[in-house]
Amino acid sequence: MQTNNVTNGKSIGIHPSWMERVGGEFEKDYFKSLKNFLVQEKQQYTIYPPGSQIFSAFNTTPFDEIKVVIIGQDPYHGHGQANGLCFSVSDGIPIPPSLKNIFKELEDDLGVPIPNSGNLERLAKQGVLLINATLTVRANQAGSHQKQGWENFTNEIIHQVSTYRENVVFLLWGRFAQEKEVMIDARKHHILKAAHPSPFSAYNGFLGCKHFSKTNTFLKEKGMKEINW
């Protein structure tokens, strides 16, 4: 099952488990407007991530395998950074400041050595859904694709996980992510909140939050395999 690449019309795969849940979104008016917007943007600007990686989070983490959800705001807008997974960068790309703080907390919390690569695909393959609220961005212009329709799509993603899954850990870092809490059924899921890992806020409660060990404790209590962070 496939849908069209929203920026250049080439066909890319969306995992069938997600197409069953949100395939109808691609036919809605807001998404058609979003697609037109992206086509126009790409004619004038460089857009990140590359079209083939826009839906990487959903291709890497099937719906039925989700254990953890981490919600970012925007893809990275620097050259070669964004790869479709929030907070993640591809191999060989310098590790951004927020991700450095995530790795620092992992080291302090679980003793995980700080890696040389900021590619988080290994987490996504274990059931950590790494999504941004907005899935594309104009090069060097943070927030440039906000309020164009992506939020409608990703809010539906959160709704589907909240409604049709159980015992998922939602890690809400920073005010923006925490605004999504109202969409999550706290009776069925486990919500952990902390400051954003950005250098501007990490020392206000992200560093020391121990969300990674708390996540694994919850998963273990529910009889699920822990994340190898």
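Before I show anything, one definition: a residue counts as buried when its relative accessible area is under 20%, as exposed when that area is over 50%, and as partly exposed in between. With that in mind, Lys-210, at 39% relative accessibility, counts as partly exposed, and I will come back to this residue later. Please remember throughout that what we are looking at is a predicted model.

Let me start with the sheet. It is an open sheet of four strands, in the order E5-E4-E7-E8, and the pairing is parallel. The edge strands are E5 and E8, the latter covering residues 190–194, and each of these two pairs on one side only. On average, and ignoring direction, neighbouring strands of this sheet are turned by 20 degrees against each other. As general background, strands of a sheet pair through backbone hydrogen bonds, either parallel or antiparallel.

Now look at strand E4 in that sheet. Over five bridges, E4 pairs with E5 in the parallel sense, and one example is Val-69, whose bridge partner in E5 is Leu-129. E4 is also joined to E7, again running parallel, by three bridges, and here Ile-70 has Leu-171 of E7 as its bridge partner.

Is E4 covered or exposed? Strand E4 is mostly covered, since five of its five residues are buried. In a regular strand the side chains alternate between the two faces of the sheet. In E4, Val-68, Ile-70 and Gly-72 point one way while Val-69 and Ile-71 point the other way, and all of them are buried.

What lies across these strands? Helix H8, residues 211–221, lies across E4, E7 and E8, and runs at about 165 degrees to E7. Helix H8 also packs against helix H4, residues 97–110, at an angle of about 60 degrees and with the two axes 8 Å apart. H4 and H8 are therefore oblique to each other. On the H4 side the contact is made by Ile-102, Glu-105, Leu-106, Asp-109 and Leu-110, and on the H8 side by His-211, Phe-212, Ser-213 and Asn-216. Sorted by class, this contact of H4 with H8 has four nonpolar, three polar and two charged residues.

The next element is helix H6, residues 150–164. At 1.5 Å a residue, its 15 residues should span 21 Å, and the end C-alpha atoms are indeed 21 Å apart, which agrees. The buried residues of H6 are Trp-150, Glu-151, Phe-153, Thr-154, Ile-157, Ile-158, Gln-160, Val-161 and Ser-162. When you look for these on the helix, it helps to know that an α-helix has 3.6 residues a turn, so residues three or four places apart point the same way.

What do the buried residues of H6 pack against? Their partners are the helices H1, H2 and H3 together with the strands E4, E5 and E7, and so the helix brings us back to the sheet we began with, whose order is E5-E4-E7-E8.

Among those partners, I would like to take H2 in more detail. H2 and H6 pack at an angle of about 130 degrees, with their axes 9 Å apart, and they are therefore oblique to each other. Tyr-30, Phe-31, Leu-34 and Leu-38 of H2 make this contact with Trp-150, Asn-152 and Phe-153 of H6. By class, the residues of the contact divide into six nonpolar, one polar and no charged.

Finally, a few places in the loops deserve a careful look at the backbone. Most residues other than glycine have a negative phi, and most peptide bonds are trans. Where does the model depart from this? The peptide bond from Tyr-48 to Pro-49 is cis, with omega near -10 degrees, and Pro-49 lies in the loop between strand E3 and helix H3. Lys-147, although it is not a glycine, has a positive phi of about 60 degrees. This residue, Lys-147, sits in the loop between strand E6 and H6, and at 76% relative accessibility it counts as exposed. Lys-210, which I mentioned at the start, also has a positive phi, of about 55 degrees, and is not a glycine. Lys-210 is found in the loop between E8 and H8.

One last loop residue is Asp-185, between helix H7 and E8. At 18% relative accessibility, Asp-185 counts as buried.

Terms used
Residues numbered from 1 in each chain as written. Predicted model: local features only at pLDDT ≥ 70, side-chain atom pairs only at ≥ 80, totals over all residues. Heavy atoms only, no water. Expected span 1.5 Å × (residues − 1). Buried < 20%, exposed > 50% of the residue type's maximum accessible area, 1.4 Å probe, protein only. Contact = heavy atoms within 4.5 Å. Pairing = 2+ DSSP bridges. Axes fitted to C-alpha atoms, helices over the stretch in contact; angles between N-to-C directions. Parallel < 35°, antiparallel > 145°, perpendicular 65-115°, else oblique. Nonpolar A, V, L, I, M, F, W, Y, C, P; charged D, E, K, R; others polar.
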